[in-house]
Amino acid sequence: MTVDINWLAFVQVFVVALGGAIIVVGFYAIGVRMLVRAGRVPVVAPAEFTDAITVITPKEAARAEKAAAKAAKKSPLTTAQKDLAFVAACASFTLCGAAVLSGILLIVFNH
């Protein structure tokens, strides 16, 4: 019994996976950048984990939130530009989700 490997199919899967990863990460990065540009810096509340390497204290979290609010006030953009950046962020996140969903649908229905 011999095993034949279809190397062309292997290369196709590798290229599509690499391209998909680049698209998803790229759209996500653009979305986060546009959120920051719109003055809506994503501040995540710290989580307490028992085995965490670093735990942020409530004082540090408040300081980070204050710095984000201060940076949002300093934005040289007009309100219309901030709204446009927020719409671009939402569109970018939507495209990121669509890329993930299309990959899942491709796996499920085109096996």
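User: What does the secondary structure of the protein come to?
Analyst: The predicted model has three helices and zero strands. Along the sequence the pattern reads α-α-α.

User: Where are helix 1, helix 2 and helix 3?
Analyst: Helix 1 covers residues 7-37, helix 2 covers 58-73, and helix 3 covers residues 79-109.

User: What makes S92 buried or exposed?
Analyst: S92 has a relative accessibility of 4%. Buried means under 20%, so S92 counts as buried. S92 is found in helix 3.

User: Which residues is S92 in contact with, leaving aside its neighbours within four places in sequence?
Analyst: S92 is in contact with F27, Y28, I30 and G31. Contact here means heavy atoms within 4.5 Å.

User: How many of the residues of the protein count as buried, as a percentage?
Analyst: Of the 111 residues, 11% count as buried. The protein exposes about 9,100 Å², and carbon and sulfur atoms supply 71% of that area.

User: What share of the contacts in the protein with a separation of 6 or more comes from residues 24 or more positions apart?
Analyst: Such residues account for 76% of those contacts.

User: Why is the pair of W7 and F10 called edge-to-face?
Analyst: A search of the whole structure finds two aromatic pairs. In the pair of W7 and F10 the rings lie 5.8 Å centre to centre, with 80 degrees between the planes. Centres within 6.5 Å make a pair, and planes over 60 degrees apart count as edge-to-face. The values 5.8 Å and 80 degrees meet both cut-offs, so the pair is edge-to-face.

User: How are W7 and F10 placed in helix 1?
Analyst: W7 and F10 are three residues apart in helix 1, so they are separated by about one helical turn. Both W7 and F10 are exposed.

User: Why is the pair of Y28 and F93 called tilted?
Analyst: The ring centres of Y28 and F93 are 5.6 Å apart, with 55 degrees between the planes. Stacked needs under 30 degrees and edge-to-face needs over 60. The 55 degrees meets neither cut-off, so this pair is tilted.

User: What makes the pair of Y28 and F93 a link between distant parts of the chain?
Analyst: Y28 is in helix 1 and F93 is in helix 3, 65 residues apart.

User: Why are Y28 and F93 called partly exposed?
Analyst: The relative accessible area is 48% for Y28 and 27% for F93. Partly exposed covers the range between under 20% and over 50%, so both residues are partly exposed.

User: How do you know that the whole structure has zero disulfides?
Analyst: A disulfide needs a pair of cysteine sulfur atoms within 2.5 Å. A search of the whole structure finds zero disulfides.

User: What are the accessibility classes of C90 and C96, and why?
Analyst: C90 has a relative accessible area of 34% and is therefore partly exposed. C96 has 10%, under the 20% cut-off, and is therefore buried.

User: Where is C90, and how far is its C-alpha atom from that of V32?
Analyst: C90 is in helix 3. The C-alpha atoms of C90 and V32 are separated by 9.5 Å, and the two residues are 58 residues apart along the chain.

User: What makes V41 partly exposed, and where does V41 lie?
Analyst: V41 has 34% relative accessibility, so it counts as partly exposed. V41 lies in the loop between helix 1 and helix 2.

User: Which residues does V41 touch, not counting residues up to four places away in sequence?
Analyst: V41 touches L35 and A68. The C-alpha atoms of V41 and A67 are separated by 9.9 Å, with their positions 26 residues apart along the chain.

User: Which residues form the nonpolar patch on the surface?
Analyst: The patch is formed by V3, I5, W7, F10, V11, F14, V15, L18 and I22, with about 990 Å² of accessible area together. V15 has its place in helix 1.

Methods
Residues numbered from 1 in each chain as written. Predicted model: local features only at pLDDT ≥ 70, side-chain atom pairs only at ≥ 80, totals over all residues. Heavy atoms only, no water. Buried < 20%, exposed > 50% of the residue type's maximum accessible area, 1.4 Å probe, protein only. Helix = DSSP H or I, 4+ residues; strand = E, 2+ residues; numbered from the N terminus. Areas by Shrake-Rupley, 256 points an atom, 1.4 Å probe, with all protein chains shown as cover. Patch = residues over 30% accessible without salt bridge, like charges linked within 9 Å, V, L, I, M, F, W, Y side chains within 5 Å. Salt bridge = Lys/Arg side-chain N within 4 Å of Asp/Glu carboxyl O. Phe/Tyr/Trp six-rings, centres within 6.5 Å; stacked < 30°, edge-to-face > 60°.
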